[in-house]
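Visitor: I'd like to go through this one with you. Can you show me what we're looking at?

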Amino acid sequence: MTGVVLPELHDTVLENGLRVVVARRPGVPLAAARLAVRAGSSLDPGGAEGLAHLVAISARRGAGRRTGRSIDDLVESLGANLAGGADEDASVHGLSAPVEVLPRLLEVLAAVVARPTFPVAEFERLRRSERAELAHDADEPSTVADRAFLQAVYGAHPYGHPVEGRGADLSRIRRRDAVAFHARWFGPRAALLAVSGSVDPGRTLDEARRLLGGWRSPPSPPPDPGPAVRSPRRVVVVDKPDATQVQIRIGGVAIPRRSPDYFPAIVGNGVLGGGFTSRLVESIRVNRGLTYGVRSRFGVGRVTGLFAISSFTKNESAGELVEVALEEMTRFAASGPTAEEVSRAAGYLAGLFPLSLETHDQWADRITDAWIYGYDVTDVRDYQDRIRAVTPAEAREVMARHLPVDDGVVLAVGPAAPLEKQFSRFGPVEVWPIRRVM
Amino acid sequence: MRTAALTVIDLAPVVAHVLGNGLRVRVLPDRLVPAVSCYTFFGVGSRNERPGITGISHLFEHMMFNGSERFGPKEFDRVLEAHGGASNAYTSNDVTAYHEDFPTEALEVVLELESDRMRALRITPEGLEQERGVVMEERRLRTENSHFGLLEEELESLVFRAHPYRWPVIGWMDDIARIGRDDCLAFFRTYYAPGNASIYVCGDVDPDDLLRRIEAAYGTIPAGPPVPPHVGGEPPQRGERRAVVRHPANAPAMLAGFRGPAARDPDTAVLDVLQACLSMGEGSRLRRRLVQETELAVSVGVGWNWRADPGVFMFSMELAPGASPRKAEAALWTEIDRVASRGVTEREMARARALLRSGVLHEMSTRNGIAHALGQAEALLGDWREAGQGLVRYRAVTREDVRRAARRWLDPTHRNVVWLEPGAAP
């Protein structure tokens with residue numbers, strides 16, 4: 001059973017170091033492009049966390065000779081979507097457009113990434129609007145939980161702050177910080193252009209050379225952050241007195257995408273907390289009816305990653321849910337999965353994989369991810385085989401090493417007073433006010 | 001420039017068939033990748049419910065995964081996942097849809113799983129109690145601890161006085177607690193018979209072979225009684241209606257709505273275009289005015305979800321902390337009034353059409369999207385052939401249509417407004 005049809009891939013490095021990958025493939029008359037730079041929130045300066053994100057979202061508010069408005073008008077009048085964002089490892093601007101207008105819009109994409117002007121009024125407005133949005137985010141328990149979890153797991157590591165920054169940092173950042181960040185890190189040697197769709201590879205490459213061939217790199221490439229360290233068990237309760245349901249996260253520092261443990265880890269995780277038939281779903285949702293959703297995952301980055309169990313339940317049963325989740329994790333680390341479980345998880349992960357590569361956007365994203373995380377995109381051909389090759393013993397051994405059975409973080413967002421009592425059995429409890437996270 | 005074909009998908013290869021028991025089957029072969037997407041639509045949603053058992057359609061959707069004659073509890077997903085497939089389901093006001101994505105080899109097992117639960121679902125007291133707990137958590141997640149969840153529940157009750165759209169799809173908490181096993185058994189007999197169901201398959205299949213397999217798997221399921229006619233109807237609205245939700249929050253938010261046309265009404269496509277002009281993209285009217293220029297709001301959106309009966313044209317806004325709700329609302333209605341009196345420009349029309357076209361293309365770029373579009377079109381527009389045909393309709397929409405539709409459907413005296421007022425819950 002093979003499912004992945006590799007598109008015709010044209011992989012070139014321009015003279016200035018820019019990597020260009022064109023995937024020619026049939027399908028609907030749309031095309032997708034990504035222009036990625038390996039400069040993400042892990043490069044945010046202390047005290048200006050959220051800067052990479054602000055740079056990414058403000059870049060399209062003025063670039064080359066165009067104003068933000070004229071970019072909006074051009075892009076949208078052609079039925080396209082252009083959006084930029086940052087994560088820990090990279091800033092990516094993505095374009096999704098009718099294939100016939102792609103050349104006209106590649107020019108805008110190139111300008112937005114290589115020549116943003118950061119008009120002061122637009123930059124200041126976005127900075128205000130990002131701060132205002134934080135007020136609404138602070139009312140979303142799951143958003144608060146995700147932000148707090150990163151902070152608790154990674155601590156002072158560059159992955160340990162929310163990509164969007166906190167209110168205090170956003171109020172300090174100025175336009176000149178954005179200009180400096182862009183000048184210091186953005187350049188062709190740290191960048192990739194990925195294009196996917198029914199396009200002419202030669203013409204697309206010519207276009208890339210014309211638009212970006214003159215782009216120059218700054219003196220030094222963006223450095224990778226160091227590894228993250230595991231820390232003793234902490235219990236964090238973020239106080240949200242009005243909630244009737246507690247958001248829960250359990251996990252710790254785990255593996256980067258290019259770890260040799262990656263495939264055993266995702267198969268092992270498939271058994272523990274992926275899909276609809278995992279052990280966690282079985283014990284927490286099916287047998288006890290404690291939640292609507294529970295899952296675990298390895299969130300993998302370029303230099304490190306985390307393991308996380310996520311769920312939620314009514315206030316009274318939060319302690320019970322955590323207890324069951326910890327028991328399942330401990331049991332898994334001790335005795336591992338059965339052969340039947342591994343085969344089912346592998347069947348599920350391998351069977352669905354081709355459906356993650358159905359659209360032009362998915363291919364453009366996959367090419368970009370492979371470049372950011374350091375694997376070869378043609379590896380997707382072997383993905384299903386590597387999944388199926390994982391043995392129960394490997395899955396157990398890898399999971400035993402990476403599951404935070406005795407360390408890591410147990411985090412809850414909910415009313416602190418009752419939770420502090422319920423959670424003291426899991427370790428020393430710290431109570432955080434929401435503003436520490438937002 | 002605008003030479004691209006109007007129809008984005010060739011429906012000529014669709015094979016349509018109706019079994020003796022009334023089950024409708026529509027198949028679109030696409031053999032590029034060895035994978036298949038399958039949807040089963042049942043013509044039942046919250047609009048078929050009554051007070052006292054609101055939420056039963058959705059609770060029942062959960063029960064469909066809890067075991068049938070040949071497959072025990074928990075087996076459905078276990079068997080499917082072991083074969084490399086995945087399933088999910090959703091319930092709306094109008095329909096309940098189940099879908100599976102799977103590699104070609106799993107076709108037979110998917111048909112066994114799906115037909116067995118249509119033929120002989122097992123509804124046990126234990127299964128019901130378990131799903132009741134799960135659904136209550138779902139309600140706490142999506143409604144009680146979500147601002148827009150709370151606002152939407154309030155708005156629908158404001159827009160509709162009589163029609164079943166006035167209660168939430170997930171149901172009221174008391175009803176979720178009350179629904180009994182007998183209610184579920186009656187619901188299954190009434191709404192889950194083959195005559196009230198349709199199957200949509202898109203992917204790596206041979207239609208003749210598939211129809212033979214479907215006949216074998218489903219053909220002997222009894223047709224079941226006719227589905228009782230749905231009782232709708234809604235008295236006219238005689239003036240603006242307003243409500244307040246008081247809840248702890250850092251900043252105010254608003255949801256407003258107008259009763260619109262049913263999906264089959266030609267104005268539905270006109271309202272799609274209006275929605276695109278108002279809120280799709282950075283250059284849309286409302287985004288420019290409320291987020292970029294006045295900075296009164298951090299987000300503004302327009303929702304126009306097609307429904308079988310007249311639905312709701314909805315506006316949402318999250319305010320910047322400190323912004324005046326009165327000013328923000330006035331700015332919103334000023335923009336709407338401007339469209340209703342002067343209409344939109346030809347440039348805005350072209351932009352809207354281009355964005356809507358790309359939206360349809362995105363929808364049609366996966367097997368799952370195509371299978372779903374066929375089902376959605378048949379459920380809401382009465383014919384699967386309408387799938388992807390929005391483009392033809394959008395092209396026919398004129399500026400005058402948009403102005404007229406804004407005047408007709410967004411009349412201030414038919415407004416319904418709900419504000420989230422930050423404060424301790426009463």
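Guide: Sure. Chain B averages a pLDDT of 94 (the predictor's confidence in each residue, from 0 to 100), and 98% of the residues score at least 70. This is a predicted model, where local features need pLDDT of at least 70, side-chain atom pairs count only at pLDDT 80 or more, and totals for chains, interfaces and linings use all residues. Residues are numbered from 1 along each chain as written, chains are lettered from A in the order written, and side-chain values use heavy atoms, without hydrogens and water.

Visitor: What about residues 1–6 of chain B?

Guide: Their pLDDT is below 50. Where pLDDT is low, the predicted coordinates shouldn't be read in detail.

Visitor: How do you know that chain A and chain B are in contact?

Guide: Contact means heavy atoms within 4.5 Å, and 60 residues of chain A meet that with 66 residues of chain B. The buried area, meaning accessible area (1.4 Å probe) lost on being put together, summed over both, is about 5300 Å². A:Glu76, A:His136 and A:Tyr292 supply 13% of what chain A buries there, more than any other three residues.

Visitor: Why is A:Glu282 with B:Arg78 called a salt bridge?

Guide: The rule wants a side-chain nitrogen of Lys or Arg within 4 Å of a carboxyl oxygen of Asp or Glu. Here the closest N and O atoms are 3.2 Å apart, so the pair qualifies. Across the interface of chain A and chain B, the rule finds nine salt bridges.

Notes:
Buried area = accessible area lost by both parts, 1.4 Å probe.
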